[in-house]
Amino acid sequence: MQFARIAVLSQSRGKLSSTKTERFRRGLVSMMLIGLVLLQSVGAGAWGNEGHTYINRVAAEHIPITMPRFFRSAVAEIAYLGPEPDRWRSPSEFALKNAQEPDHFIDLERVAWLDPLPPGRYEFYRKLYEKRAATASTDHPDDYLPEHVGLQPYIAMEVYGRLKAAFREYRQRLAAHQPTAAVQQAIIFYAGWLGHYVGDGSQPLHTTIQYNGWVGPNPNGYTTGHGIHAQFETAYVAANITAKDFAGLVKSPERLDDPFARYVAYLRQSNGMVENVYALEKAGGFTGKGSPAAFDFTTHRLAAASQMLLDLWYTAWMDSALPVPEHAAPAAK
Ligand SMILES: [Zn+2]
Ligand SMILES: [Zn+2]
């Protein structure tokens, strides 16, 4: 994983916030020197290819018998889709790369003043721009730009909504004795795509300003180097963990009464474990074969992702049977 650090910097998470500007500048020099090599590294994303594939696979293998048979049979397709949004980060598709990079993370420390988070993306934008406008220029107002804070829970809920709507369409077509092959494909795609963001959300370093090297006061002497992110989620996982190592930690799904609230709570739980990642790294837990403590921690984070993903699939399926309110009349323009 010689280029893993460069890969993380090259993603840059769409950020140029002031606390990261210096790191970014230094990274930029490396990037220019490395040149084209980094283009091949852009695909390395959260949890790496292996982690995202495992998270989706383990969730798919736990789909209950009460859900449609075609869905339970789609394990290979859903597993393939785990890393899908990391395939959208190439500079060769600039608009796509630019638009979707903030979807992979949220720096919860930057929105500690905003609790609960608003349920919609544009309400969130408005709150952030208000905060930015009220922040003195010496206090880094651009840290509150939506693309610097990250949009994790919003993309997750938006894809969840697509999945639920597709399940509803499936039910209606079944009831009307119409073909369902096309909507089945849509369901499998949305379910797999959703798995990527849910996977990112279980990686503590995707929920924090401490995403790749400790910043600010550092009484415990955690690493400030920029290798910890890829070392933990990509190199360590690929070398030491397989899907079967955490499959047994995943239980039958639960129907979530408030998916957005539960999802945000899941992100906050991840954020509460940021220091664990740094402490494990400091103890050498992610180096080489790693430590038992690192294995236990990492398998539980991967399992938490599979569990949340399974719960969201199950909730989307169950709630897709509920009657929907009539569409409101479009507002006059
Ligand atoms: Zn990552
Ligand atoms: Zn990601």
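In which helix is Tyr197 found? Tyr197 is found in helix H10, where helices (H or I, at least four residues) and strands (E, at least two) are DSSP runs numbered from the N terminus. This is a predicted model, in which local features need pLDDT of at least 70 and side-chain atom pairs count only at pLDDT 80 or more, while totals for chains, interfaces and linings use all residues. Residues are numbered from 1 along each chain as its sequence is written, and chains are lettered from A and ligands numbered from 1 in the order in which they are written.

**Overall make-up**

The protein has 15 helices and zero strands. Of its 333 residues, 43% are buried; a residue is buried if 20 or more other C-beta atoms lie within 10 Å of its own, exposed if 12 or fewer, and partly exposed in between, with C-beta atoms placed from the backbone. Two residues are in contact if their C-beta atoms, placed in that way, lie within 7 Å. Among contacts with a separation of 6 or more, 78% join residues that are 24 or more positions apart.

**The core and its helices**

The largest nonpolar core, a set of buried Ala, Val, Leu, Ile, Met, Phe, Trp, Tyr and Cys residues joined through C-beta atoms within 7 Å, has 72 residues, and those with the most contacts inside it are Ala156, Leu163, Ile187, Leu194, Leu309 and Trp313. Helix H15 (residues 292-319) gives the most to this core, with 14 residues. Leaving aside neighbours within four places in sequence, Leu163 is in contact with Ile187, Tyr190, Ala191, Leu194 and Ala316.

Tyr197 counts as buried because it has 27 C-beta neighbours inside 10 Å. Apart from residues up to four places away in sequence, Tyr197 touches Asp103, Gln152, Ile155, Ala156 and Val159. Although Tyr197 and Leu309 are 112 residues apart along the chain, their C-alpha atoms are separated by 9.2 Å.

How do the axes of H10 and H15 cross, and within what distance do they come? These axes come within 9 Å and cross at roughly 140°, where axes are lines fitted to C-alpha atoms, for helices over the stretch in contact, and angles run from 0 to 180 degrees between N-to-C directions. H10 is therefore oblique to H15, since angles under 35 degrees count as roughly parallel, over 145 as roughly antiparallel, 65 to 115 as roughly perpendicular and the rest as oblique. Residues of H10 that meet H15 include Ala191, Leu194 and Val198, and among their partners in H15 are Leu302, Leu309 and Trp313.

Helix H9 (residues 152-175) has 24 residues and reaches 35 Å from its first C-alpha to its last, close to the 34 Å expected at 1.5 Å a residue; the expected span is 1.5 Å times one less than the number of residues.

**Backbone details in the loops**

The table sets out two residues with a positive phi.

| Residue | Phi | Loop | C-beta neighbours inside 10 Å |
|---|---|---|---|
| His140 | near 60° | between H7 and helix H8 (146-149) | 15, partly exposed |
| His177 | about 55° | between H9 and helix H10 (181-202) | 7, exposed |

Neither His140 nor His177 is a glycine, and His177 comes just after H9. Elsewhere, the peptide bond from Asp115 to Pro116 is cis, with omega near 5°, and Pro116 has its place in the loop between helix H6 (94-100) and helix H7 (121-133).
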